[in-house]
Amino acid sequence: MTRILSASTHDLRARTSRTLAGSDANHPDPDYSAAYVILHTDGLHQGHGMTFTIGQGNELCCAAIEALSTLVVGRNLSDIVDNMGAFWRQVTNHSQLRWLGPDKGVIHLATAALVNAVWDLWAKERGVPVWKLVSDMEPAQFVDCIDFRYLRDEVDEVRALDMLTKARVGQKQRLTFLEENGYPAYITSAGWLGYPEDKVRDLCRGAIADGWNSFKTKVGIDVASDMRRCEVMREEIGDSRQLMADANQVWDVNQAIEWSNQLQPYGLRWIEEPTHPDDILGHATIRRGVKPIGVATGEHAANRLIFKQLLQADAIDYAQIDACRLGGLNEVLAVLLLAAARNVPVCPHAGGLGLCEYVQHISVIDYLSVSASLEDRTTEYASHLHEHFVNPIRMRNGHYLLPQAPGYSIEMKQESIEMLNYPNGAEWRD
Ligand SMILES: [Mg+2]
């Protein structure tokens, strides 16, 4: 029986602002960072988890993880995972800490790090990757991982059980497909806002040579330069490949409609984060106003309730869940069900530091166990910072190959933990 003895937190930051990797209309100088936690045990394995930030404030997430870690230290892993949904309620509904949220902001980002570390530990103990741990579950066990409070007007336990039972049909064939092909992805790292035109062209050509068929560019500086960015991307990728644009919350609702409609000639599959992530009805208005461009959002959707309302309001064409904006895998599983119930594709947000490593599991779970569909689904990919992980993502022909190593793929190399340590690691010394 494995017991969690202690938790250590690590403030890790990569100096990406020096290269403008990750730059967008609202975040011109991100330092991709992880508030990282290790659950130390008396067993063979440790649980690793992290939440993602873009630099300053990462220390707040570390402090919040420390506050929450009292809820797991001293406990047996089996006591936690035998009641996963109840455990998640304990973490998110702590009598005093919930005042800091509930289910949003620093405390919820920290929740993701801690909860995902438990999933990592559980999967390592079982000797399987997290996607397999979940997709091998009986529907009832999957349902038990989720706290359905506040969701039952949309999907309750009975409906979820029915959906998951139906999705078991054909699971083996779908797994074979993934083993042979991987899960389809799109690439963001050719179109960062800070990149000059020549660099975008070079990156597009390189990506096409590597087999990519789906691209995204950042927009939101001014209409003329956005049109130019889309024009350049279209020239490079041709008409048959997908193009998406990401405004990173920079517009008002009316502005988003006017601006997006000026991009209609470029055949965008979606406009991403056109306005503030909490403006559910605003997204619905935008969606009606920019067709046939789709509306995508979710990387800043704080919790399952925001997604529930986005879906109920017919406000989005794509749900872009984030592996550690939501409070860890338990809440992600809930949103996969909500989206599948409304037939809205989940196209997870990734990039950053560690997000690709996380979301590859989520997309596989969605395909094997929840939506059972690949239709109009692609998972985000960016090329940065994978070298820091013990078992990094593997890509082929624009697809994520199935993760094989036990755990949630989020464990970082010891030398990377030392190097990225803020402010004393080598990354920050010069
Ligand atoms: Mg985005």
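These are my notebook entries on a predicted model, taken by topic.

**Entry 1: the two domains**

I began with the domain assignment, which gives domain 1 as 4-127 and domain 2 as 164-415. I then looked up the distance between their C-alpha centres, and the value is 23 Å. For the contact between them I noted 38 residues from domain 1 and 34 residues from domain 2.

Which elements of domain 1 give two or more residues to the side that touches domain 2? I listed β2 (33-41), β3 (47-53), α3 (84-92) and α4 (105-126). Of these, α4 gives the most, with 11 residues. I also sorted this side of domain 1 by class and got 18 nonpolar, 15 polar and 5 charged residues.

**Entry 2: the largest nonpolar core**

Next I went to the largest nonpolar core, which has 136 residues. Within this core, A110 and L114 touch the most other members. Helix α4 gives the most to the core, with 14 residues. I asked where this core lies with respect to domain 1 and domain 2. Both domains give residues to the core, so it lies between them. As background, I wrote down that nonpolar side chains tend to be buried together in soluble globular proteins.

I followed L114 further. Leaving out residues up to four places away in sequence, I found that L114 touches V37, G49, I65, L68, S69, V72 and V91.

**Entry 3: strand β2 and its partners**

I took β2 next, since β2 is among the elements on the side of domain 1 that touches domain 2. Is β2 largely enclosed or largely open? I counted 7 of its 9 residues as buried, so β2 is largely enclosed by the rest of the structure.

I checked pairing on both partners. Strand β1 (residues 4-13) pairs with β2 in the antiparallel sense, over 9 bridges. In that pairing, A7 has L39 of β2 as its bridge partner. The pairing of β2 with β3 is antiparallel and runs over 7 bridges. Here S33 has T53 of β3 as its bridge partner. The two strands β2 and β3 form a hairpin, and 5 residues lie between them.

**Entry 4: strand β5**

I moved on to β5 (residues 214-218) and asked how many of its residues are buried. The count is 5 of 5, so I recorded β5 as largely enclosed by the rest of the structure. Both faces of the strand are covered. On one side S214, K216 and K218 are buried, and on the other F215 and T217 are buried.

For the neighbouring strand in this pairing, I noted that β5 and β6 (residues 242-246) pair in the parallel sense over 5 bridges. S214 stands opposite Q242 of β6. I then traced the connection: β5, helix α10 (residues 223-237) and β6 make a right-handed β-α-β unit.

**Entry 5: R377**

Last, I looked up R377, which sits in the loop between α15 (355-370) and β10 (379-381). Buried takes 20 or more C-beta neighbours within 10 Å and exposed takes 12 or fewer. R377 has 18 C-beta neighbours inside 10 Å, so I entered this residue as partly exposed.

Which residues does R377 touch, not counting those up to four places away in sequence? I found P184, P345, V346 and C347. I also noted P348, which is 29 residues from R377 along the chain, with 9.1 Å between the two C-alpha atoms.

Technical notes:
Residues numbered from 1 in each chain as written. Predicted model: local features only at pLDDT ≥ 70, side-chain atom pairs only at ≥ 80, totals over all residues. Helix = DSSP H or I, 4+ residues; strand = E, 2+ residues; numbered from the N terminus. Pairing = 2+ DSSP bridges. Right-handed = clockwise from strand over helix to strand, strands pointing away. Domains from an automatic or database assignment. Contact = placed C-beta atoms within 7 Å. Nonpolar A, V, L, I, M, F, W, Y, C, P; charged D, E, K, R; others polar. Core = buried A, V, L, I, M, F, W, Y, C linked by C-beta atoms within 7 Å.
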